[in-house]
Amino acid sequence: MTTELQELFESNREWAADVEAREPGFFSRLLKQQTPQYLWIGCADSRVPANELVNLLPGELFVHRNIANVVVPSDLNALSVIQYAVDALRVRHIIVVGHSNCGGVKAALNNLRVGLADNWLRHIQDVRDMHLAFLDSLPAEHRIGALVELNVLEQARNVCRTTIVEDAWQRGQDVVIHGWVYGLHNGLLEDLRMTVSSAEAIPEAYQRALAALQQRYAALPTPAAP
Ligand SMILES: [Zn+2]
């Protein structure tokens, strides 16, 4: 077994040379400023690489990732990222991105024990329990997808309710919160239309996105009985 991870240093040198060849002076320009327009809050899952799937270069996307894209109002890590993004970088958009077949959401849904993360996933179980009647009304095959999307709506609403975003809106700063989901099976992003640009708009945006989600899942064909 290699202990030096030489393969990663080699691919890093190739990548840096490729970028510099395509855009001479890229890294020296990047040194001078960081002005991303977007903060991405996504899952730590290795299949959901934030920059790559929206084709953005270094310097264009500020990123925070954790298991199952959770935003808890007592998480100093997430709050610090949001605060820096909003107050210092003045990003225009904060996007919470869930993804299909999320292992964290699946564990939370089915009470699977995975370890320390079980405690983190309690937050998603709270989301599950808030929407239990709706989830129970769905065929088992559709529940993970539905909970992934419900979790995006709840976490996007949590972002809206942070003191950082509340204060930004209060002073008239433009920042828009979004909720998206990424399909592992096709590489495509979908907008769940939880798009909020003021404190007053939170309830309506949430209710509209929730109603659309519920209608979409209710209309899915029930899998044939075996
Ligand atoms: Zn995930």
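# A guided look at a predicted chain

Visitor: What percentage of the 226 residues in the chain do buried residues make up?
Guide: Let's start with the cut-offs: buried means under 20% relative accessible area, exposed over 50% and partly exposed in between, with a 1.4 Å probe and protein chains only. By that rule, the buried part of the 226 residues is 42%.

Visitor: Before we go on, what kind of model is this?
Guide: Residues are numbered from 1 along each chain as its sequence is written, and side-chain values use heavy atoms, with hydrogens and water left out. Local features need pLDDT of at least 70, side-chain atom pairs count only at pLDDT 80 or more, and totals for chains, interfaces and linings use all residues, for the model is predicted.

Visitor: How many helices and strands are there in the chain?
Guide: Both are DSSP runs numbered from the N terminus: helices are H or I with at least four residues, strands are E with at least two. Counted this way, the chain has 10 helices and 5 strands.

Visitor: What radius of gyration does the chain have, set against a compact globule?
Guide: The radius is taken over C-alpha atoms, and the globule rule is 2.2 Å times the number of residues to the power 0.38. The C-alpha trace spans about 55 × 55 × 30 Å along its principal axes. For 226 residues the rule gives a radius near 17 Å, and the chain agrees with it at 19 Å.

Visitor: And how much of the accessible surface belongs to carbon and sulfur atoms?
Guide: Accessible areas come from the Shrake-Rupley method with a 1.4 Å probe, and for residues only the protein chains shown count as cover. The surface of the chain comes to about 12600 Å², and the share of carbon and sulfur atoms is 54%.

Visitor: Among contacts between residues at least 6 apart in sequence, what percentage join residues at least 24 apart?
Guide: A contact here means heavy atoms within 4.5 Å. Among the contacts between residues at least 6 apart, those joining residues at least 24 apart make up 62%.

Visitor: Which residues coordinate the zinc ion?
Guide: Donors are N, O and S atoms within 2.8 Å of the metal (3.2 Å for Na, K and Ca), and water is not among the atoms, so sites may look incomplete. The donors follow the spacing C-x55-H-x2-C along the chain. One pair links distant parts of the chain, 56 residues apart, from strand β1 (residues 38–43) to strand β3 (residues 93–99). At 2.0 to 2.3 Å, the ion is held by the SG, NE2 and SG atoms, respectively, of C43, H99 and C102.

Visitor: Is H99 buried or exposed?
Guide: C43 has 6% relative accessibility, so C43 counts as buried. H99 has a relative accessible area of 1%, and therefore H99 is also buried.

Visitor: On which residue is the kink in α6 centred?
Guide: The 14 residues of helix α6 (residues 117–130) should span 20 Å at 1.5 Å a residue, and the end C-alpha atoms agree at 20 Å apart; the expected span is 1.5 Å times one less than the number of residues. The bend at a residue is the angle between axes fitted to the seven residues ending there and the seven starting there. In α6 the kink is about 35°, and its centre is H123.

Visitor: Which helices do the buried residues of α6 pack against?
Guide: The buried residues of α6 are D118, L121, I124, Q125, V127 and R128. Their packing partners are α5 (103–109), α7 (132–136) and α8 (140–160).

Visitor: Which residues is E149 in contact with, leaving aside its neighbours within four places in sequence?
Guide: E149 sits in helix α8. With a relative accessible area of 6%, E149 is buried. Its contacts, sequence neighbours aside, are V181, L192, L213, R216 and Y217.

Visitor: What about R157, again leaving aside neighbours within four places?
Guide: R157 is found in helix α8 too. Its relative accessibility is 14%, so R157 counts as buried. Its contacts beyond those neighbours are M130, M194, I202 and Y206.

Visitor: Near what value is phi of A68?
Guide: A68 belongs to the loop between β2 (61–66) and α4 (76–88). A68 counts as buried, at 0% relative accessibility. Its phi is positive, in a residue other than glycine, and lies near 70°.
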